[in-house]
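Reader: I am new to this structure and would like a close look at a single part of it, the surroundings of the ligand. Please set that part in the context of the whole chain.

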Amino acid sequence: MESESSASTVRDSTVYLTRKFPEPVSRILEPLFEITLNHSDSPVGRDELLSHIERADGLLCTLNDQIDREALDIAQKLKIISTYSVGYDHIDVENATARGIYVTNTPDVLTDATADLTFALMLALSRRIVEGHNLVFNREWDMPWFPSFMLGNDLSKKTLGIVGFGRIGRAVAKRARGFGMKIRYHNSVKVSKAVEVEHDATYSPLETLLMESDFVSIHLPLTDKTRKLISYEMIRLMKQSAYLINTSRGMIVDESGLADALRREEIAGAALDVFITEPLAETSPLLEVNNILLTPHLGSATVGTRYRMGEMAASDIRNVLLGIEPVSLVNSGVRRRPI
Ligand code: GLV
């Protein structure tokens, strides 16, 4: 990018916001651009989304907005798609790059919140917290303390297998060390020795990690290679006493295979924050098993994190429309094409 656009060009630029976003978004964008937005928390219909994309210079979207070839075909002057998420599997990035459209996301600012939720799920699952709450709350706690009551499992000295050792996987490892866990990781590329030493983490092939871990936590992006990677056959490699946690993308785990493994008690339990279809369908086989803990895609759901995501996502729209390099560019190949 070479120069800043003139004031009149900036004023003429339209940004479409597909949802209500936190305060920094309007504070950053409204003084500079023409804003159109969906005032609701629900997605607009596909036709309405496309008609806005057709006219927009900038788009701020969420992980539920499919920005595919059809949407890009219709865009007349789109220069940036900024997604209010770290994941960008809902965007046809290759196609956007070919058209010279910048794609940006919100990594880093949500790493701690997602790692915290992963740990909350691990603890809740292994210490039976939801089960215990329900017992007390439903007035079914009818025996005083006794030695074998509601026993769960320790985290300390157990092996945590982290599948996907990027930002969030490493933040989970950092927490796990504090809990005295042993850390194995699997990643498409082995990380450097320095990173392994920093996290006291040992590389394992995926199958070995699944066979030897007491907790397996998934932190992969959704790609053609990771879709359904955690199949029934993979789940069956896990110990019968092991737990599976997924806070990344639902499509990475074969949900009906997982439900079968849980029903047959082939693993001890699972905690899922993400699903193939969100909201989860009433007919999902996951709702037919007991040894499971389900949360509604809460990984980045803290006030502070969502605020920072708003700042980051809006700043990158501003940057690109003003001709400045964005902070969090997904498709660096786009740089070869002047905007
Ligand atoms: C949430 O799932 C995200 O990708 O930010």
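**The chain and its ligand site**

Author: Of the 339 residues of the chain, 50% count as buried. The model is a predicted one. Its chain holds 13 helices and twelve strands. A compact globule of 339 residues would have a radius of gyration near 20 Å, and the value for this chain, 22 Å, agrees with that. The C-alpha trace spans about 75 × 50 × 30 Å along its principal axes. When contacts between residues at least 6 apart in sequence are taken, 61% of them join residues at least 24 apart. The surface that the chain exposes comes to about 16,900 Å², and carbon and sulfur atoms supply 52% of it.

Now to the ligand. The residues that surround the ligand are L63, S85, V86, G87, L110, R249 and H297. Sorted by class, this shell has three nonpolar, three polar and one charged residues. Oxygen atoms of the ligand have polar partners in the protein. A backbone N or O atom of V86 lies 2.8 Å from a ligand oxygen atom, and for G87 a backbone N or O atom also lies 2.8 Å from an oxygen atom of the ligand. With H297 the partner is a polar side-chain atom, 2.6 Å from an oxygen atom of the ligand. The ligand taken alone exposes 190 Å², of which the protein buries 89%.

Two other places in the chain can be described in similar detail. One is T114, which sits in helix α6, residues 111-126. T114 has a relative accessible area of 6%, so it is buried, the cut-off being under 20%. Apart from neighbours within four places in sequence, T114 is in contact with I168, T247, G299 and S300.

The other is helix α12, which covers residues 255-263 and has E255, G257, L258, A259, A261 and L262 as buried residues. These buried residues pack against α11 (232-237), β10 (243-246), β11 (269-272) and β12 (292-294). At the N-terminal end of α12, D254 acts as a cap: one of its side-chain oxygens lies 3.2 Å from the backbone nitrogen of S256. Just after the helix, E265 takes a positive phi of about 55°.

Key: Residues numbered from 1 in each chain as written. Predicted model: local features only at pLDDT ≥ 70, side-chain atom pairs only at ≥ 80, totals over all residues. Heavy atoms only, no water. Near = heavy atom within 4 Å. Polar contact = N/O pair within 3.5 Å; in protein donor to acceptor, adjacent residues only side chain to side chain. Areas by Shrake-Rupley, 256 points an atom, 1.4 Å probe, with all protein chains shown as cover. Nonpolar A, V, L, I, M, F, W, Y, C, P; charged D, E, K, R; others polar. Helix = DSSP H or I, 4+ residues; strand = E, 2+ residues; numbered from the N terminus. Rg over C-alpha atoms; globule rule 2.2 N^0.38 Å. Buried < 20%, exposed > 50% of the residue type's maximum accessible area, 1.4 Å probe, protein only. Contact = heavy atoms within 4.5 Å.
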